[in-house]
Amino acid sequence: MNDMNPPIVLLGAPVAARIASELSATVAACPIPPRLVALLANDREESRTYLRKKAEAAARVGVAFAVQEMPRSEWTTAAVRNRVLQLNQDPAVHGIIVQLPLADGMESDAVLAALDPQKDVDGMHPANTGASLLAFPGLRPATAKAIVALLAHYDIPLAGKRAVIVGRSRIVGKPLIGMLLEANATVTVCHRQTRDLASETRRAEVLIVAAGTPGLITADMVADGAVIVDTGWSRVEGKIRGDVDPAALVRAQAYAPVPGGVGPVTVAMLLANTVEAYLQRRASHV
Ligand code: ADP
């Protein structure tokens with residue numbers, strides 16, 4: 001137990017509300033609403049749930065949002081790539097989401113590489129991943145941006161800190177490497193082949209967990225007084241669980257919970273990316 005103060009809970013709602021109100025004002029001043037299209041090529045219930053959340057949040061800030069559901073006969077890499085290429089060419093579309101995972105047998109890398117990087121609001125095109133490492137302008141994945149924004153909102157310093165990321169995914173771990181380096185943290189990235197995960201996570205002053213394994217981080221794996229950001233999101237026996245065990249969180253100086261921490265900010269950041277993509281396009285067409 002952290003014997004000083006109870007941990008600060010890094011709630012996402014106030015951060016998301018601030019971003020949404022800024023976006024609403026920006027969108028209200030746009031001559032036409034920014035338009036976001038999501039491509040769906042699977043039959044997973046959770047993908048539909050995510051898309052519903054994105055649609056509701058888009059409606060609140062005035063972003064036009066549409067889901068294009070690919071017919072089952074077009075659940076192929078080539079067909080989805082072609083649809084992406086069409087959307088790239090469509091001047092009325094400013095942002096494109098390829099909802100992952102694609103149905104079995106499809107190559108998501110090949111589909112993502114077809115995206116126009118300037119419409120890639122999930123920040124998954126290799127050019128955008130590369131830009132995140134070099135701190136070049138570009139669209140960053142919403143979850144990674146949300147983590148950095150949440151820490152900034154609560155004045156959690158990163159400069160000089162030992163930051164440990166668990167997970168090397170395209171949407172969290174990889175872009176965070178560049179973003180946390182840019183914030184002057186000392187960055188370690190752990191993954192499935194990390195030999196002694198606990199010895200790495202125990203050294204973390206800022207621990208960011210994005211492994212998708214509920215309860216992976218137990219109390220013995222964290223240092224007293226660490227800042228812990230949980231981005232896991234799994235349904236276990238009808239309950240939403242993060243990657244960090246609640247017994248680990250009580251040792252923290254501050255933590256972002258699941259649900260209620262990074263999640264709400266992530267959706268707001270997706271819309272921020274859409275508005276950014278829209279403004280970039282307009283700026284380059286005047
Ligand atoms: P997400 O979408 O949450 O980022 P992915 O499924 O794309 O998740 O990636 C999961 C990441 O978590 C991978 O990089 C994987 O190596 C890492 N990971 C999963 N389980 C463990 C584990 N037990 N120990 C360390 N890393 C893990």
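# A walk through two domains and a ligand

Start with the whole chain in view: the centres of domain 1 and domain 2, taken over C-alpha atoms, are 28 Å apart. To colour them separately, select 32-118 for domain 1 and 142-264 for domain 2. Keep in mind as you click around that this is a predicted model.

**Stop 1: the ligand**

Select the ligand and show what lies around it. How many residues surround the ligand? There are 13, and the closest are R168, S169, H191, R192 and A211. Colour that shell by residue type and you get seven nonpolar, four polar and two charged residues.

Now zoom in on some atom pairs. At R192, look at the backbone: an N or O atom there sits 2.9 Å from an oxygen atom of the ligand. H191 also offers a backbone N or O atom, this one 3.4 Å from a nitrogen atom of the ligand. For T213, switch on the side chain, where an N or O atom is 3.4 Å from a nitrogen atom of the ligand. Turn on surfaces next: on its own the ligand has 580 Å² of accessible area, and the protein covers 71% of that.

**Stop 2: R235**

Select R235, which you'll find in strand β9 (residues 234-236). Is R235 buried or exposed? It's exposed, because its relative accessible area is 57% and anything over 50% counts as exposed. Then add P214 to your selection: P214 and R235 are 21 residues apart in sequence, while their C-alpha atoms are 8.6 Å apart in space.

**Stop 3: two cis peptide bonds**

Most peptide bonds are trans. For an exception, select L100 and P101, which are joined by a cis peptide bond with omega of about 0 degrees. P101 belongs to the loop between β4 (95-98) and α4 (108-113). Then hop over to V258 and P259, where the peptide bond is also cis, with omega near -5 degrees. Here P259 is in the loop that runs between β11 (254-256) and α10 (262-284).

**Stop 4: two positive phi angles**

Most residues other than glycine have a negative phi. Select A135, though, and you have a non-glycine residue with a positive phi of about 60 degrees. Its place is the loop between α5 (126-134) and α6 (142-153). A135 is partly exposed, at a relative accessible area of 33%.

Last of all, select D155 in the loop between α6 and β5 (162-166). D155 isn't a glycine either, yet its phi is positive, about 55 degrees. With a relative accessible area of 67%, D155 is exposed.

Technical notes: Residues are numbered from 1 along each chain as its sequence is written. This is a predicted model: local features need pLDDT of at least 70, side-chain atom pairs count only at pLDDT 80 or more; totals for chains, interfaces and linings use all residues. Side-chain values use heavy atoms; hydrogens and water are left out. A residue is near a molecule or strand if one of its heavy atoms lies within 4 Å of it. A polar contact is a pair of N or O atoms within 3.5 Å; within protein, one must be able to donate a hydrogen and the other to accept it, and residues adjacent in sequence count only if both atoms are side-chain atoms. Accessible areas come from the Shrake-Rupley method with a 1.4 Å probe; for residues, only the protein chains shown count as cover. Ala, Val, Leu, Ile, Met, Phe, Trp, Tyr, Cys and Pro count as nonpolar, Asp, Glu, Lys and Arg as charged, and the others, Gly among them, as polar. Domain bounds come from an automatic or database domain assignment. Helices (H or I, at least four residues) and strands (E, at least two) are DSSP runs, numbered from the N terminus. Buried means under 20% relative accessible area, exposed over 50%, partly exposed in between (1.4 Å probe, protein chains only).
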